[in-house]
Amino acid sequence: MTDKNDVASTFSSVKSRRDFLRTSAVSVIAGGALAACGKAGAAPSAPVSAAPSAPVKVPSEREAADAMDAMHEAGIKAFPAKSKGKGNQLLQPVMDGHTKVYKLTARKIQWETLAGQSVTAYAYNDQVPGPQIRVKEGDKVRIVLKNELPESTVIHFHGLELPNAQDGVPFITQPPVKPGETYTYEFVVPNAGSHMYHSHHNSATQVSLGMLGAFIVEPRNPQPIEHADVDHVMILNDGAHGYTFNGKSFPATEPVVAKLGQKLRIRFMNEGMMIHPMHLHGMHMTVIAKDGWPQPAPWKCDTLNIAPGERWDVIVNCNNKGTWAFHCHILQHAESDHGMFGMVTALIVA
Amino acid sequence: MTDKNDVASTFSSVKSRRDFLRTSAVSVIAGGALAACGKAGAAPSAPVSAAPSAPVKVPSEREAADAMDAMHEAGIKAFPAKSKGKGNQLLQPVMDGHTKVYKLTARKIQWETLAGQSVTAYAYNDQVPGPQIRVKEGDKVRIVLKNELPESTVIHFHGLELPNAQDGVPFITQPPVKPGETYTYEFVVPNAGSHMYHSHHNSATQVSLGMLGAFIVEPRNPQPIEHADVDHVMILNDGAHGYTFNGKSFPATEPVVAKLGQKLRIRFMNEGMMIHPMHLHGMHMTVIAKDGWPQPAPWKCDTLNIAPGERWDVIVNCNNKGTWAFHCHILQHAESDHGMFGMVTALIVA
Amino acid sequence: MTDKNDVASTFSSVKSRRDFLRTSAVSVIAGGALAACGKAGAAPSAPVSAAPSAPVKVPSEREAADAMDAMHEAGIKAFPAKSKGKGNQLLQPVMDGHTKVYKLTARKIQWETLAGQSVTAYAYNDQVPGPQIRVKEGDKVRIVLKNELPESTVIHFHGLELPNAQDGVPFITQPPVKPGETYTYEFVVPNAGSHMYHSHHNSATQVSLGMLGAFIVEPRNPQPIEHADVDHVMILNDGAHGYTFNGKSFPATEPVVAKLGQKLRIRFMNEGMMIHPMHLHGMHMTVIAKDGWPQPAPWKCDTLNIAPGERWDVIVNCNNKGTWAFHCHILQHAESDHGMFGMVTALIVA
């Protein structure tokens, strides 16, 4: 994995970026526009120079364009922006004999989708998405859910073909887990693939607030096409926290990083309420699995429509050097007149 | 087919359900919350105990959770709920020589999507969806449409590759059928598959109100993969009648019932205006046909995105015993804080 | 290609159309309804006969139906309606040695989506969609963008696997092109298929306003299945200009015309913000490519869901004579109680 400094320097190497940012009059306009617009675009502030006694003037077309561009540039320049909290961190199990034990505590927290932009979240282990569980087909696992939320909850293992009693649907397969209670799921992992775990109680609210995570099951006998040097999970959401990848909005989204010549596997998972057609620039994606099941014949695309509840696995041959925009192609989920926001990241092939 | 009593008892066998339902204070809160919220969630009322002179008290976190859970439980417990009217009933033809004659009368009626929740509907033969027409490739059929609606209408046979004159598009292939008039379609059934019939006049309104039904064409030479013990048509709609499967909202939706080891064929049909990614718990679906045409290679999933106008045929190997949630994964179409509603049913493998 | 007169006469041959249009009282009602509704349905006006001193009367059910039908008929009868401006015209390159040079000037114009319905557009070479660029795999091309818009812009070649510097993302691969400036892209065309070019700056606004066009790359070695007698590009949009095919709304949309027995290739491209499941009457579509990449096995359908940013290529065997409705099956994008509008055209097999 490349560290943050490398990523930042890759971004900074964009040619002559600083040439485009004018100061004085232009940035006064930019600052004024941002102040007037408040938080509308969720774009970071452009640098503002002090000009307290400047005479009032109507901006020219060029000045207005420069002011808009400065906001756009500021967003790009800030990427990848720091923010508090990181979701989808790999959770190491505690072994109980041959059983892998994972403890998940559901709690109400404040979560930064962007530095300075805190939202109320329901989080597993204080992460949005919850920590990543990664096991092998046939593993014996135990999930211990402690509910510290102000309401009942349960966990449904979306995609796993479990015995009915472990399916996590209140009043059908189990009682809801009340505030303060602990509930234990235990099973042998049945089927490989990119799956998810999430609440199945008051779920339109709870999943929107963060009660979700990746449950990756590695196959006992992987197919050759599955081989990848980099394995990236990308969970899409669009509810109470805005448009996010792995709990963050651009420019606080995490870049996907690979070396030239590497194979990258992306596991798209949609935990939102809307479709998101994900578009990668510069290289195509080869679709190898749907909901964890291999496609009978892999197929290529550059824009893959991910519907709520779906998971799609793709392979990218990272054979085109550069920093490539990677975003939802419902453009309103990715860009406003204040610049890019929401469902935008970059694939950096270095 | 399993009868209603069996289904109900399968549901009632959920362990210790009654343990979760508290009475007194809790159910007062539940009742109060329901009263305050009116019909918002379309969830059935939880049982309310009389407590006329109880002192005012702020509910604790646990009491509030119990109150919410009681509403959720009441919905599950009511499933499958009775309601007046059943759509998609197989329509037996009258034979005129070798021609199968189907009579469809379009009428404005009141329709229950849920007991006590009546909506204005445009219905064929007083059913929403209209009666199911099921024929064989090469059959000679006559459809006699009698229009008793307050406006003109026509029938388009969506998916059938008919001669142009039978295509049912007003002012292109025929005049609109005026109120009081009768119009006859007649053709040899050209292509097999899961098709639909619906209005093609003022259609955004008329189809939303119920002018739709399944037109299933069985092939002369079925493929082995098509063999199924249970054949279930599931028509999705999302217009004037709310979120429905076959004209009903949860808990009045019909369960899908199969015996352990049986093969189930589901024919999804979307007559609405929105996508609905259908998610089945516990078992995957093998996709065998799109719009009535075989897929070149069947493929597996657990969440299948159904767009307006599309039909998808899937096979489920019912090898996992239990009652399995089966719902649209746009969670706002399936659950509110009052419990499940709308596009929810269950696959019961007994 | 069939000329407009042939098309119009095909449409006019609908049997006994004039029989359905009543005059006097009926058309008074029709006219009145239209006047009251203003521009709501975007349907053309029905003919109105003068009846200044007619006594006030409540229309009967039949009269109301006739009035509605007259509006529907007027829309159909007007198709294909003339309107000012035609987008997606093939752009001939100027040769500079072995390099094909295409000049695109971005300008703010008024654009007719329908006769008398002008909208503000950002257009390349005064066309919406911009002119069609059609080249061959391996061609050397130069695109010269002149920006006469009131804001900065760039061009992203959506689907082409270009060197990073030619990818058209401001502040990542290039500076924004300011008002009045000219910017040149130059590259060897890397991969075949149905691609697009569009703005990637303030794109939710600019693409919605018309900064988009088709970039078709013919393969060096076409597959047999790609052979087609008619090649039709259909760009879908749903933003500031309403629901459009190639920049026009029904009845000003262009019909697709083929002779009986011909093979028709349709290249669907979605430049909007919503899905559009395109439904063809009378014949199925065989899907051969996604985003310019061949599907591993062609598959058949009659309703194809096109998501934003996606391109789908299909082949239609035009073996069913007649005029066939061809529309988005989100019915609200295609029909109101005033008649068909927006995303509707016809495939005319003559």
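How far apart should the ends of the 18-residue helix α4 of chain A be at 1.5 Å a residue, and what distance separates its end C-alpha atoms? In this predicted model, helix α4 covers residues 61-78 of chain A, and its expected span is 26 Å. Its end C-alpha atoms are 26 Å apart, which agrees with the expectation. The expected value is 1.5 Å times one less than the number of residues, which is why the 18 residues of α4(A) lead to 26 Å. The helix is also mostly covered, since 13 of the 18 residues of α4(A) are buried.

The rest of chain A gives this helix its setting. Chain A holds five helices and 22 strands. Of its 350 residues, 55% are buried. Among the contacts in chain A with a separation of 6 or more, 76% join residues that are 24 or more positions apart.

The next topic is how the chains are arranged. Chain B can be laid on chain A by a turn of 120° and a shift of 0.0 Å along the axis, with an RMSD of 0.0 Å. That is the relation of a three-fold axis. The two copies use different surfaces, as 5% of the contact residues of chain B recur in chain A. A rotation of 120°, again with 0.0 Å of shift along its axis, superposes chain C on chain B with an RMSD of 0.0 Å. Only 5% of the interface residues of chain C are also interface residues in chain B, so these copies, too, meet through different surfaces.

A look at the contacts themselves fills in this picture. Between chains B and A, 39 residues of chain B are in contact with 33 residues of chain A. Several elements of chain B each supply at least two residues to this side, including α2 (17-20), β14 (276-280) and β19 (322-328). The element that gives the most is α4(B), with eight residues. By class, the side of chain B that touches chain A has 14 nonpolar, 14 polar and 11 charged residues.

Between chains C and B, 38 residues of chain C are in contact with 33 residues of chain B. Elements of chain C that each supply at least two residues to this side include β16 (293-301), β17 (303-306) and β20 (335-336). Here α4(C) gives the most, with eight residues. The side of chain C that touches chain B divides into 14 nonpolar, 13 polar and 11 charged residues.

Strand β16 of chain C also has a place in a sheet. The open sheet in question has six strands in the order β11-β10-β13-β18-β15-β16 (chain C), with mixed pairing. At its edges stand β11 (244-245) and β16 of chain C, each with a single partner strand, so one side of each is left without a neighbour in the sheet. As general background, strands of a sheet pair through backbone hydrogen bonds, either parallel or antiparallel.

Strand β15 (residues 285-290) of chain C pairs with β16(C) in the antiparallel sense over five bridges. Within this pair, C:V287 stands opposite C:W299, and C:K290 has C:W293 as its bridge partner. The hairpin of β15(C) and β16(C) has two residues between the strands, and C:D291 takes a positive phi near 55° there. Strand β15(C) also pairs with β18 (residues 311-317) of chain C, in the antiparallel sense and over four bridges. In β18(C), the residue opposite C:K290 is C:W312.

Finally, the interior deserves a visit. The largest nonpolar core has 255 residues, and A:F215, A:F268, B:F215, B:F268, C:F215 and C:F268 touch the most other members. In soluble globular proteins, nonpolar side chains tend to be buried together. Apart from residues up to four places away in sequence, C:F215 touches C:I133, C:F157, C:L160, C:H195, C:M196 and C:Y197.

Another residue worth finding is C:W111, in strand β2 (residues 99-114) of chain C. With 25 other C-beta atoms within 10 Å, C:W111 is buried, because 20 or more is the cut-off. Leaving out residues up to four places away in sequence, the contacts of C:W111 include C:G85, C:V119, C:V128, C:G210 and C:G247. The C-alpha atoms of C:W111 and C:D126 are separated by 8.4 Å, and these two residues are 15 residues apart along the chain.

Notes: Residues numbered from 1 in each chain as written. Chains lettered and ligands numbered in written order. Predicted model: local features only at pLDDT ≥ 70, side-chain atom pairs only at ≥ 80, totals over all residues. Core = buried A, V, L, I, M, F, W, Y, C linked by C-beta atoms within 7 Å. Buried ≥ 20, exposed ≤ 12 C-beta atoms within 10 Å, placed from the backbone. Contact = placed C-beta atoms within 7 Å. Nonpolar A, V, L, I, M, F, W, Y, C, P; charged D, E, K, R; others polar. Least-squares fit on C-alpha atoms with pLDDT ≥ 70 in both. Pairing = 2+ DSSP bridges.
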